[in-house]
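The following exercises are to be worked through with the sequence and the coordinates at hand. Each task is followed by a stepwise solution.

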Amino acid sequence: MIYTVTFNPSIDYVMFTNQFEVGELNRAHETNKFAGGKGINVSRVLKTLNVKSTATGFVGGFPGEFIKDALAKSDILTDFVEVQDDTRINVKLKSGLETEINGPGPNIEPDHYEQFLSKMKKTTSEDTVIIAGSVPSTLKKPVYQEVAEILKETGTNLIVDAEKDLMKSILSYKPKFVKPNKTELEEIFDKQIETDQEVIECAESLLQEGAQAVIVSLGGEGAIYVDQTTKLKAIVPNGQVVNTVGSGDSTVAGMVAGLETGQDIESAFKLAVSCGTATAFNADLAESQDIEKIISEVVIKHI
């Protein structure tokens with residue numbers, strides 16, 4: 001089984017307005033509500049690709065019920081730990097530019113955390129766990145490291161998509177792959193990255209620290225894949241970017257789906273980039289027909 005872990009899920013309340021003025025009454029002409037969070041996004045795109053997964057993490061209150069119901073309606077399995085506080089609600093304001101206001105996460109009690117770790121201890125070498133996104137500030141634990149330690153003991157495949165310190169904390173546990181974007185890579189190495197070669201050099205440093213493979217998403221410039229024997233560059237088609245939220249998560253889902261269904265690295269990477277691009281061109285996450293159209297236009301080069 002593939003498990004997607006979202007420690008700090010959300011309802012993403014997306015509001016579209018033609019203009020936005022601070023201090024004034026603004027009206028949205030369209031709104032959408034989605035079950036949000038990086039791991040949840042991965043599960044949703046995996047479902048689109050007909051790959052089964054179980055979404056886990058922490059949920060609470062009416063926003064938590066909304067998330068569980070939304071995933072159930074999409075026929076996605078869930079195994080969340082229930083907490084007392086409300087799951088956060090994040091507001092995404094789209095007015096030409098994208099503005100985000102993310103709510104705080106709920107309080108996670110020690111017994112909630114232990115319940116979650118117990119779930120991780122039941123995984124096996126046949127499973128894959130994808131950990132993505134932030135950790136609620138009330139959870140004063142080295143969460144990523146503790147989970148990685150458990151998965152090392154169970155032999156479970158680990159995949160990580162997280163910001164600088166969280167990602168760095170698990171590299172020694174040899175994750176199957178990590179997926180920083182270019183900005184996150186620059187933060188990790190405290191440098192401005194200008195060329196593909198610099199991306200590759202940074203990715204190779206992450207390999208030296210333990211990652212088995214690295215995917216670096218470059219926005220409209222495509223993506224780069226690096227492991228010990230292979231270096232690939234994906235060139236993506238031009239299109240109108242509607243929504244960057246979830247694009248990286250879609251890339252992770254595509255790579256996992258490709259590998260899970262027995263594709264070679266190059267084909268899985270092509271699917272990954274196609275999923276990420278399709279999401280960027282969509283108001284929500286990638287749809288099957290969009291992925292199928294884009295995958296024929298993505299070019300993969302060995303570099």
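**Exercise 1: An acidic surface patch**

Asp 85 is placed in the loop that connects strand 6 (81-83) with strand 7 (88-95); strands (E, at least two residues) and helices (H or I, at least four residues) are DSSP runs numbered from the N terminus. The model is predicted: local features need pLDDT of at least 70, side-chain atom pairs count only at pLDDT 80 or more, and totals for chains, interfaces and linings use all residues. Residues are numbered from 1 along each chain as its sequence is written, and side-chain values use heavy atoms, with hydrogens and water left out.

Task: Determine whether Asp 85 is buried, partly exposed or exposed, and state which residues gather with Asp 85 in a patch of negative charge.

Solution.
- Step 1. Asp 85 has a relative accessibility of 36% and is therefore partly exposed, where buried means under 20%, exposed over 50% and partly exposed in between (1.4 Å probe, protein chains only).
- Step 2. On the surface, Asp 85 is joined by Asp 86, Glu 109, Asp 111 and Glu 114 in a negatively charged patch. Such patches consist of residues with over 30% relative accessible area and no salt bridge, with like charges joined within 9 Å.

**Exercise 2: The neighbours of strand 7**

Task: Establish how strand 2 and strand 7 run, and how strand 7 and strand 8 run.

Solution.
- Step 1. Strand 2 (residues 10-16) and strand 7 are parallel and are joined by 7 bridges; pairing requires that DSSP find at least two bridges between two strands. Ser 10 has Arg 88 of strand 7 as its bridge partner.
- Step 2. Strand 7 and strand 8 (residues 97-101) are antiparallel, with 5 bridges between them. Here Val 91 is partnered by Ile 101 in strand 8.
- Step 3. The hairpin formed by strand 7 and strand 8 has 1 residue between the strands, and Gly 96 adopts a positive phi near 95° in this hairpin.

**Exercise 3: Salt bridges between helix 7 and strand 14**

Task: Identify which side chain meets Asp 196 in a salt bridge and which meets Lys 231.

Solution.
- Step 1. The structure contains 13 salt bridges, each being a side-chain nitrogen of Lys or Arg within 4 Å of a carboxyl oxygen of Asp or Glu.
- Step 2. In one of them, Asp 196 meets Lys 233 at 2.9 Å, N to O. Asp 196 belongs to helix 7 (residues 196-208) and Lys 233 to strand 14 (residues 231-235), so the pair links distant parts of the chain, 37 residues apart.
- Step 3. Asp 196 is partly exposed at 32% relative accessibility, whereas Lys 233 is buried at 11%.
- Step 4. Lys 231 and Glu 204 form a salt bridge of 3.5 Å, N to O. Because Lys 231 lies in strand 14 and Glu 204 in helix 7, this pair ties together parts that are 27 residues apart in sequence.
- Step 5. Lys 231 is partly exposed with 25% relative accessible area, and Glu 204 is partly exposed with 27%.

**Exercise 4: A further pair and a network**

Task: Classify Lys 293 as buried or exposed, and state which residues are linked with Lys 38 in a network of salt bridges.

Solution.
- Step 1. Lys 293 is exposed, since its relative accessible area is 52%. Its side chain meets that of Glu 297 in a salt bridge at 3.1 Å, N to O, and Glu 297 is partly exposed at 36%.
- Step 2. A network of salt bridges links Lys 38 with Asp 161 and Asp 249.

Terms used. Patches are made of residues with over 30% relative accessible area and no salt bridge: like charges are joined within 9 Å, nonpolar side chains (Val, Leu, Ile, Met, Phe, Trp, Tyr) within 5 Å. Accessible areas come from the Shrake-Rupley method with a 1.4 Å probe; for residues, only the protein chains shown count as cover. Lys and Arg count as positive and Asp and Glu as negative; His and the chain ends are not counted. The place of a charge is taken as NZ of Lys, CZ of Arg, CG of Asp or CD of Glu.
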